[in-house]
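Open the model in your viewer and keep the selection panel at hand. The stops below say what to select and what is there.

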Amino acid sequence: MYSGLGNERKVATRRLAILRYATIAGVLLLLIGFWRLQIVRSSYYATLAGRNCIRTLPIMAPRGLILDHDAHVLVDNYPSFSVILVREHMRDPEESLAAIAHGLRLDRAWLEERLEEFRNAAPYHPIVLKDEATLADIAYIEAHRTDLPEIELLMMHRRRYPPHGFGAHLFGYVGEVSKHEVAGGQYNPGAVVGKLGLERRYNEILMGRDGQRRVLVDSRGREVGRLDYEQPIPGRPIRLTIDSDVQLAAERVLEGRQGAVVALNPRTGDILALVSRPAFDPNLFAVRMSPQDWQQLTDDYRKPLLNRVTQAQLAPGSVFKIIVATAALEEGLFDKPFTVRCTGTAHHYGRAFRCWRPEGHGQVDLHKAIVESCDIFFYEVGKRLGIERIAYYAQKLGLGGPTGVDLPSEARGLVPSPGWKQRAHQEAWWPGDTISVAVGQGPVIVTPLQLAYVLGGIASGGVLVRPHLLLDSDNRNREATTYRFPLKEGTVRELTDAMWGVVNEGGTGAVARLPEIDVAGKTGTTQLVGYDTLRRIGSPSSRQPQLVDNAWFVGMAPRRNPEIVVTVLLEHGGHGAAAAPLAREVIRAYYEKKNRGGPPQYAQRSPSNQAQRD
Amino acid sequence: MARSVSYRELDWFLFVCVLLICVLGVSEIYSTTQSSPRFAGMHLRQVLWLGLGLAAMFLLARLDYHILLDYAFWVYLAALAGLVAVLLVGKEVFGARRWLEIGGINIQVSEVAKLAIIITLARYLSEVRSERLRFSDLVKVGLLAGAAMILIAAQPDLGTALTLIPILATGIFLAGLKWKHMAALVLIALLVLPGTWHLLRPYQRERLVTFLNPRQSPRHSGYQVLQSQIAVGSGGFWGKGMEKGSQNQLGFIPVRHAEFIMAAYAEEQGFAGVLLSLLLYLMLLLRLVYNAETAPDRAGTLIVAGVASLLLFHLLVNVGMVIGFMPVTGLPLPLMSYGGSATISTWMALGLVMSVRMRRFVNL
């Protein structure tokens, strides 16, 4: 029998009271804890709860396509997976970054730098860590959904450009927006924008607006529901004036050379082809470019990134004689019969000026001077006109300033004048300078596009339409972009006949001749070293190719009111005659296309740029 | 000794408090498990455990606790044998042996052992004749409880082992612990505590570190505490509503139907719901203290007070863990967490209380 019963004695009630107070205190303590979490810091924890289970995932908008004149696709997109990081989903940056760097084989320092770039962006903003995710990357992300919720795979639309640098300078390329552009407030960091060429010029049209979706995920990162969805707005396509057949012909003739070809229709300003060589592969920029590739591109002394059509500024050589001749005709210099006797050398202001042909051209009139490109004749004309009048006409006809083509960073060129020389060199104009300028040497510089624009304008009677690449199918902007500097009918006739002679009367551009096509043109040769030096060192072609002359040819058809003007620049190509067959091939391609039949049937269906822009 | 007692003498106030807490528990178990195919229907199984527990309570209430006290030695021996058996042939789950399979049913022996310790200590301490406990008494009860504690800790189940400490502490305190002994014990505990660090297993150390600084390693157990706090905090005053807590429904709360059920409950029922449940627990515990005061004898007081301290300890450790006041342990929330052994043993403990209660007017 239990013995304790006999000796009843209550435990001190005081000590049981202590147990009671301890209980009350304990429960109160718990309540304080709940109060702190649920009342005081409730909104903070509500935010955390939302961040836990709500993921904001961007849906990338594809960039608009780039179509040629016949609505063929030139540049499109292809899907590709990138690894992105969303800081909002990050639990512990310190630990995560180490894991991510290791798992995705990224440099830790680079990763931190990358995050730093986005410091001011919204926390849900995706940061691309890696393009073209590999299978290993995808496996890593899937395996770490729970502990690394901040990394995600995202489908991107990556740009696909034609291979072999086709149209590289035309399209340019896209890349991640620079810090500088972000600071402008226009773009979010990480946005893909056009960096060069049309991609840059028409970025506003081409770039879409990314959408996003907010989804509910469970603790394992699995999507269990969709909260809302913001549709991405795809970029709009642009349709170009480029004719792929002409472009292809232009690309072909420049293959393996250094120079530029541009073909435009002076009646409409449509640029039919635009090629610059050496080129680069814009596809290399579509994926994050390696520093080595970039270094190679920028260090190349031949400057592959330079769009020679709009950015190369070179002396026009004898092509400039057409401008001088225009000035002289307009000024009435040839109203009375005017001839010059060329003996190969002429003396002006106490200095000997030579003709390219040492034995001379004999008695020369304007027609013959252009056909055979006699320098002596133009020295005399330049001397009589004076620099002020030459500069006036050159500028009025469109040199020395941008043509306004829709490509970024167009070069202005330069038309020298006494005022310019004073400003730039603090020197007075020397009359001998005028003699050089009269044959397109000396400080006068132009771009290939300017030459096509100006010579096309002269052949069109002084009607110059701003060259452009974006197709203006209804010619809505034609009047606004047309500039008129009416020339006398006689001037135009005289010059176009002379340029026809260059090609068809055994002139310097005879190789540009095409049967049944009314081709006219003008050659130009830009000396990089003077005749005297040349005689001293002999022909530089073998040993110093960089000293070989630049060759120009501007060809057009038909000779009056032409529908195609082609400028060919062959850097270190030798005599201008070397450039002529290239222009011939481009003009031939244009006419072959034209004679095959009108515009392709599907051109009608495809969107015009105007409709897209509304 | 055979006195006739009636169920009319049951503490019905206590009973209603307990039932209300169970209702909150079952409905929250339903809310946490209904969407998961693996756990769906768990609330029904919990109802089954409650039914079994209820039956156990009525049986124990009927049984005179003095009989248990008479056989206290054998009860104690059976408990130790059970604990040894667990270590030898127990079922290993997640690296710990805590369950003994008897006839197809898994029993967590340590849950029942706690009750055995309460009875053993009540018996021993009630027989102490002196006004104050002697040092030798302290050593004896310390050894009695210590043996069971070491066996439970060896499973390993440190949390449950530690529940014996409040039982022991309450027992000796009420039985007349001298103040100087108490001071010495507290001092020893403070000195020994740092030393026990080396006895802890890696996961236990990690939990402690995490407890001290939850943000240090959010991927592991700190992550659990953080997610639990997020659940509680985001519940706000009124809660997100039954089955509407995102932390709960999307699985961010760990073991949300068992140890962390209070986090899920707090998220969905808000501070208002927490207030209700904690008030119920408070009434339950105060009622137990009241029953300890009105017990017919010293042993009865010690039994009821032992149960009270056991439940208080569970409440403080479990809910404290949910709100980040305590390190992560596996201690369930009595009467709310899902679990067979824990639920039934709690009801059995209440049965002991009822047994004392029903005999309060006898032989006074």
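Start where the chains meet, bearing in mind that this is a predicted model. Select the contact between the chains: 44 residues of chain A meet 50 residues of chain B. On the chain A side, pick out α1 (13-40) and α2 (42-53), each of which supplies at least two residues to the side touching chain B. Which helix gives the most to that side? α1(A) does, with 17 residues. Colour the chain A side by class, and 21 nonpolar, eleven polar and twelve charged residues appear.

Now stay within chain A and colour by domain. The domain assignment gives domain 1 (54-239) and domain 2 (244-595). Their centres, taken over C-alpha atoms, are 44 Å apart. Select the contact between them: domain 1 of chain A brings 27 residues and domain 2 of chain A brings 22. On the domain 1 side, look for β5 (151-160), α6 (168-171), β6 (174-176), α8 (197-201) and β10 (238-239) of chain A, the elements that give two or more residues to the side touching domain 2. That side of domain 1 of chain A divides into ten nonpolar, eight polar and nine charged residues.

Next, go to the largest nonpolar core, which has 126 residues. Select Val261(A), Val262(A), Ala263(A), Ala273(A), Val324(A) and Val586(A), the members that touch the most others. Where does this core lie with respect to domain 1 and domain 2 of chain A? Both domains give residues to it, so the core lies between them. Centre on Val262(A) and show its contacts. Leaving out residues up to four places away in sequence, Val262(A) touches Ile271(A), Ala273(A), Leu274(A), Val309(A), Pro448(A), Leu449(A), Ala452(A) and Thr567(A). Another core, of 121 residues, lies apart from the one just visited; Tyr124(B), Ile172(B), Tyr223(B) and Leu311(B) are among its members.

Move on to strand β19 (520-526) of chain A. Is this strand enclosed or open? Seven of its seven residues are buried, so β19(A) is largely enclosed by the rest of the structure. In a regular strand, side chains alternate between the two faces of the sheet. Check each face of β19(A) in turn. Ala520(A), Lys522(A), Gly524(A) and Thr526(A) are on one side, Gly521(A), Thr523(A) and Thr525(A) on the other, and all are buried. Add β20 (550-557) of chain A to the selection: β19(A) pairs with it in the antiparallel sense over seven bridges. Opposite Lys522(A) you will find Val554(A) of β20(A).

For a contrast in setting, select Leu297(A) in helix α12 (291-299) of chain A. Leu297(A) has 16 C-beta neighbours inside 10 Å, so it counts as partly exposed. Its contacts, not counting residues up to four places away in sequence, are Phe280(A), Pro304(A) and Leu305(A). Draw a distance to Ala71(A), 226 residues away along the chain: the C-alpha atoms of Leu297(A) and Ala71(A) are separated by 31 Å.

Finish in chain B with helix α6 (135-153). Its 19 residues reach 25 Å from the first C-alpha to the last, close to the 27 Å expected at 1.5 Å a residue. Show the buried residues of α6(B): Asp137(B), Val141(B), Ala145(B), Ala148(B), Met149(B), Leu151(B) and Ile152(B). What do they pack against? Display α4 (72-89), α5 (109-126) and α7 (158-174) of chain B, and you have the partners of the buried residues of α6(B).

Definitions and conventions:
Residues are numbered from 1 along each chain as its sequence is written. Chains are lettered from A and ligands numbered from 1 in the order in which they are written. This is a predicted model: local features need pLDDT of at least 70, side-chain atom pairs count only at pLDDT 80 or more; totals for chains, interfaces and linings use all residues. Two residues are in contact if their C-beta atoms, placed from the backbone, lie within 7 Å. Helices (H or I, at least four residues) and strands (E, at least two) are DSSP runs, numbered from the N terminus. Ala, Val, Leu, Ile, Met, Phe, Trp, Tyr, Cys and Pro count as nonpolar, Asp, Glu, Lys and Arg as charged, and the others, Gly among them, as polar. The expected span of a helix is 1.5 Å times one less than its number of residues. A residue is buried if 20 or more other C-beta atoms lie within 10 Å of its own, exposed if 12 or fewer, and partly exposed in between; C-beta atoms are placed from the backbone. Domain bounds come from an automatic or database domain assignment. A nonpolar core is a set of buried Ala, Val, Leu, Ile, Met, Phe, Trp, Tyr and Cys residues joined through C-beta atoms within 7 Å. Two strands pair if DSSP finds at least two bridges between them.
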